[in-house]
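Biologist: Please take a close look at the loop with the unusual peptide bond. Start there, then work outward to whatever packs around its neighbours.

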Amino acid sequence: MDEVATKIIDILKKHMKEPKDDIELSTPLTDLSIESLDLAMIVFDIEDTFGIEIPYNANEEVEDFKTVGSVVERVKALVDAGDAAGAANA
Amino acid sequence: MTKANGLRRVVVTGLGAVTPIGLDANETWSAMKAGKCGVGRIENFDLEDLYIHIAGEVKGFDPATHVSSRKVQYGDRYSWFAGRAAEEAWTHAGLPTPYDEPYRAACIIGSGAGGHSTIETAYRDLFIKKKKATNPLTLLRIIGSSASAHVGIEYGIKGPTFGTCSACSTATHAIGVVYDYIRNGLVDVGVAGASEAVLTYGSMRTWQAMRVLSPEGCFPFSKKRNGTVLAEGAGILILEDLEHAQKRGATILAELVGYGMSSDSKDMVNPDVEGPRSAMQMALDDAGLEPSKVNYLNAHGTATALNDVNETNAIKMVFGDHAKDLAISSTKSMTGHLLGAGGGVEAITCIKATQEGWIPPTIGLDEPDPKCDLDYVPNVGRDADVKYTMSNSFAFGGLNAVLVFGLPPA
């Protein structure tokens, strides 16, 4: 796993009540017993860590938040785009 | 004149409102009749880097014009709204100024957040502009009791005076508190409601960070709903002991017949069905009313993914077979979410619906969420014989408050 993935998994673990060590890129976020406010905290932490803005609305189911891997891909894309205003046109 | 339980009966004798669709109660009600939406692109402050660009702003409000008291003009925007709405309600009730039995009157006007724009201005002055001092009125403008204190001063009220604070249930709790004071004989008259003015850049950023705001609009119970929309304003009632109102020949607008309150005691954001259910049930029990007697329910209906389904489920639990026949609407579809003040405006809406025999719609409801399968009076209001109404307020933290209104006593 690369650096971005490792950092994201560390952030996920930080916000889990009982952090698991077997988190893979294919792990669905729903398996991590993360509640809506936790997810907002996680997104905030990721944004802060990578200096990006992620368009995320707790009222919607978003493809980008299906698995750990999809979050990693989305973050990489935002970092690559250097898109500090990623949420501006959400 | 008391109920079977020995408590005095409480009636409503004055209404006052400031909302994104009207600068008084009548204008707000007329706008509801026209299905007007008060949500639009933010104009009152600079959006900077916000990605949520919409809100229900009160437009065209000038304290120099709309607030008669010079002292209130010196207050925060939330006190302006409270001052304006209270003046409307007090005048409507025809009560003397200053009040002639000052210790027999209460003034409970809450706010979810108090003087938010004042906080923001002060922080910008201190932290960005590096000014040497804040405006000397900063503290008095910020405190969440300033609206109640201001209004109490205006009308010479010397009885219980303070603000309630329970996020989106604030106004409903304030009305419940005054209801209890009057029926237990502590006071005869009370100003009750809440005011909110949190449409500022910093406040919007805090809401944006919670990821619960819609970038498009407030569409309660709709399949397309994707969050709530913040709004501002005030909703205030004058409550009065029935006998007291009759003696002075006041026009009685409605009777407040039931009040229920509960806390989920579970989670700050995820609502539980049991809390809202129990609060609605308590309000009905307090009113001594069968669920089937309620003709109209003004829902909390915030247009978040969680609230609208949870509220629908709670309504079904309380109303059983009557749930499908009950006319329910969320007037937040028109006003946006006035947060602490919402319950005040929605109580007024319930009273107006009873007076005029007309149920306001939930606008923007083209396609309902399949999980929201009750009658939400979609898009167009309707004439109906409305005798009893219920107003729901549910707040972050799981704080629930419910009112039941009935016709003026014959």
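Modeller: First, a term. Helices and strands here are DSSP runs, at least four residues (H or I) for a helix and at least two (E) for a strand, numbered from the N terminus. With that, Pro98(B) can be placed: it sits in the loop between helix H4 (77-93) and strand E4 of chain B. Keep in mind that this is a predicted model. The peptide bond between Thr97(B) and Pro98(B) is cis, with omega at about -5°.

Now step back from the loop to H4(B). H4(B) packs with H7(B): the angle is about 40° and the axes are 9 Å apart. That makes H4(B) oblique to H7(B), because angles under 35 degrees count as roughly parallel, 65 to 115 as roughly perpendicular, over 145 as roughly antiparallel and the rest as oblique. The crossing of H4(B) past H7(B) is right-handed. H4(B) brings Tyr78(B), Ser79(B), Ala82(B), Gly83(B), Ala86(B) and Trp90(B) to this contact, and H7(B) brings Ser146(B), Ala147(B), His150(B), Val151(B) and Tyr155(B). Sorted by class, that is seven nonpolar, four polar and no charged residues.

Next, go forward from the loop to E4(B). Which sheet does E4 of chain B belong to? An open one of 10 strands, with mixed pairing, running E5-E4-E6-E7-E1-E8-E14-E13-E9-E10 in chain B. Its edges are strand E5 (161-162) and strand E10 (327-329) of chain B, each paired on one side only. E4 (residues 105-110) and E6 (residues 189-196) of chain B run parallel and share six bridges. In that pairing, Ala105(B) faces Val189(B) of E6(B). Helix H7 (residues 146-155) of chain B packs on the sheet here, touching E4, E5 and E6 of chain B. The direction of H7(B) makes about 150° with that of E4(B). H7(B) thus links both sides of the story: H4(B) contacts H7(B), and H7(B) touches E4(B).

Follow E6(B) further and you reach the domain boundary. Chain B is assigned two domains: domain 1 (10-247) and domain 2 (260-406). Their centres, taken over C-alpha atoms, are 21 Å apart. Across this boundary, 59 residues of domain 1 of chain B are in contact with 51 residues of domain 2 of chain B. On the domain 1 side, at least two residues each come from E1 (10-18), H1 (25-33), H8 (170-183), E6 and E7 (233-241) of chain B. By class, that side of domain 1 has 29 nonpolar, 23 polar and seven charged residues.

A second helix pair in chain B is worth setting beside H4(B) and H7(B). The axes of H11 (residues 274-287) and H12 (residues 305-319) of chain B come within 8 Å and cross at roughly 45°. That makes H11(B) oblique to H12(B). The crossing is right-handed. From H11(B), Pro276(B), Arg277(B), Met280(B) and Gln281(B) meet Asn310(B), Glu311(B), Ala314(B), Met317(B) and Val318(B) of H12(B). This contact holds five nonpolar, two polar and two charged residues. By comparison, the H4(B) contact with H7(B) has no charged residues.

Back to backbone oddities. Lys130(B) is not a glycine, yet its phi is positive, at about 55°. Lys130(B) lies in the loop between helix H5 (116-128) and helix H6 (138-142) of chain B.

Last, the partner chain. In chain A, 14 residues are in contact with 15 residues of chain B. The chain A side is made of nine nonpolar, three polar and two charged residues. Within chain A, the axes of H1 (residues 3-15) and H2 (residues 36-50) come within 10 Å and cross at roughly 145°. H1(A) and H2(A) cross in the right-handed sense. Lys7(A), Ile8(A), Ile11(A), Leu12(A) and His15(A) of H1(A) make the contact with Asp38(A), Met41(A), Ile42(A), Asp45(A), Ile46(A) and Thr49(A) of H2(A). The classes there are six nonpolar, two polar and three charged.

Note on methods
Residues are numbered from 1 along each chain as its sequence is written. Chains are lettered from A and ligands numbered from 1 in the order in which they are written. This is a predicted model: local features need pLDDT of at least 70, side-chain atom pairs count only at pLDDT 80 or more; totals for chains, interfaces and linings use all residues. Two strands pair if DSSP finds at least two bridges between them. Two residues are in contact if their C-beta atoms, placed from the backbone, lie within 7 Å. Axes are lines fitted to C-alpha atoms, for helices over the stretch in contact, and angles run from 0 to 180 degrees between N-to-C directions. Ala, Val, Leu, Ile, Met, Phe, Trp, Tyr, Cys and Pro count as nonpolar, Asp, Glu, Lys and Arg as charged, and the others, Gly among them, as polar. Domain bounds come from an automatic or database domain assignment. A crossing is left-handed if the near helix is turned anticlockwise from the far one by less than a right angle, and right-handed if clockwise.
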